[in-house]
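This report goes through one protein chain, from paired strands to single residues and then to the chain as a whole. Please keep the sequence and the structure in view while reading.

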Amino acid sequence: MFSFLNKDQQTGEVAELQLDEQNIPAHIAIIMDGNGRWAQQRHLPRIAGHKQGMNTVKTVAKAASHLGVKVLTLYAFSTENWKRPTAEVNYLMKLPVDFFGTFVPDLVKNNIRVKVMGYTDQLPAATQKAVHDAIEDTKDCTGMVLNFALNYGGRAEIVTAVQSLAQQVQAGQLDPTAIDEARLGQQLMTSDLGDLQDPDLLIRTSGEERLSNFMLWQVAYSEFVFMDLHWPDFDQTTLEQAIYQYQQRHRRFGGLTN
Ligand code: FPP
């Protein structure tokens, strides 16, 4: 049993809650929202929020790994984020360089393997190199997979998968009637995660309650937890609170078991 102190957001009451170690979500996906608002509330530039958000990634990656999470997927940059001001985009592109440049030894120490999903060939060369080096440096780690969604979009991912299946049909390698959910799933950017490709728990911070084009196929049966705090304020305790909420749910996958 993992126990943690939970403060009720409405009443302020503090209680010790227990997490069921046997029911830790194997795959957690997080939409890390609210960096900009966190900074604005402190009269800081938006990029200060992203920097603090990067530090939160370090804390949360280690916490998730210690709790026994198998895959932690983080939405770091969407295919739509290019619409932001150039200075902010440039800063976001430098973050992986900074992050991996300082954090890879810690990742190795914690046996965490880095994976990246997204259209990485469109990223600046330095970002691509940082990502490539981190994947290489952690390739022998056998613990949690830390999966960054970088220049990722859920609809684009599905379109790419469909194009690939269409090409196989056109080449006479695939019968259209053989296309099923499993075969489409094999074309997605999460396919190498095998049985773990679908998140059990999806968390979004900052009070927004939408998917923003994140893992549209894979979250079909995920449990959603929306939290009111901004990403830079997220930490081990709030992760445990989200997992606690998850553990109160009854997943039925469309069936009737309770
Ligand atoms: C959303 O907040 C956050 C992002 C678009 C970027 C997320 C990136 C990080 C947390 C750092 C990632 C770190 C690595 C290592 C790649 P927002 O800017 O949309 O916030 P707002 O809605 O308050 O404006």
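## Strand β6 and its partners

V116 stands opposite F148 in strand β6. Helices and strands here are DSSP runs (H or I over at least four residues for a helix, E over at least two for a strand), numbered from the N terminus. V116 belongs to β5, which covers residues 113-117, and β6 covers residues 145-152. The two strands run parallel and are joined by 5 bridges; strands are said to pair if DSSP finds at least two bridges between them. V114 of β5 also has a partner in β6, standing opposite L146.

What else pairs with β6? Strand β4, residues 71-78, does so in the parallel sense, over 7 bridges. The bridge partner of L72 in β6 is L146, the residue that V114 also stands opposite.

Burial follows these cut-offs: buried is under 20% relative accessible area, exposed is over 50%, and partly exposed is in between, with a 1.4 Å probe and protein chains only. In β6, 8 of the 8 residues are buried, so this strand is largely enclosed by the rest of the structure. Strand β5 is mostly covered, with 4 of its 5 residues buried.

## Basis of the model

This is a predicted model: local features need pLDDT of at least 70, side-chain atom pairs count only at pLDDT 80 or more, and totals for chains, interfaces and linings use all residues. Residues are numbered from 1 along each chain as its sequence is written, and side-chain values use heavy atoms, with hydrogens and water left out.

## Strands β7 and β8

Strand β7 (residues 201-204) and strand β8 run parallel, joined by 4 bridges. I203 has V225 in β8 as its bridge partner.

Which side chains of β8 are buried? In this strand, residues 223-226, the side chains alternate. E223 and V225 point to one face and are buried, while F224 and F226 point to the other face and are not.

## Two asparagines with positive phi

Most residues other than glycine have a negative phi. N111 has a positive phi of about 60° although it is not a glycine, and N151 has a positive phi of about 55°, again without being a glycine.

The settings of the two can be set side by side. N111 is found in the loop between α3 and β5 and is partly exposed, with a relative accessible area of 29%. N151 is placed in strand β6 and counts as buried, at 0% relative accessibility.

## Residues in helices and a loop

Q241 has its place in helix α7, residues 236-247. With a relative accessible area of 15%, Q241 is buried. Leaving out residues up to four places away in sequence, Q241 touches F4, N6, K7 and M227, where contact means heavy atoms within 4.5 Å.

D20 is found in the loop between β2 (14-19) and β3 (27-31). At 32% relative accessibility, D20 counts as partly exposed. D20 and Y244 are 224 residues apart in sequence, and their C-alpha atoms are 8.3 Å apart in space.

T102 lies in helix α3, which runs over residues 86-109. T102 is partly exposed, with a relative accessible area of 47%. From T102 to R46 the separation is 56 residues in sequence and 22 Å in space, C-alpha to C-alpha.

## The chain as a whole

The chain has 7 helices and 8 strands. Its radius of gyration is 19 Å, close to the 18 Å that the globule rule gives for 258 residues, so the chain is as compact as a globular protein of that length. The radius is taken over C-alpha atoms, and the rule is 2.2 Å times the number of residues to the power 0.38. Along its principal axes the C-alpha trace spans about 65 × 50 × 35 Å.

Buried residues make up 46% of the 258 residues. Of the contacts with a separation of 6 or more, 73% are between residues 24 or more positions apart. The chain exposes about 13300 Å², of which carbon and sulfur atoms supply 49%; accessible areas come from the Shrake-Rupley method with a 1.4 Å probe, and for residues only the protein chains shown count as cover.

The mean positions of the 23 positive and 30 negative charges are 6 Å apart. Lys and Arg count as positive and Asp and Glu as negative, without His and the chain ends; each charge is placed at NZ of Lys, CZ of Arg, CG of Asp or CD of Glu.
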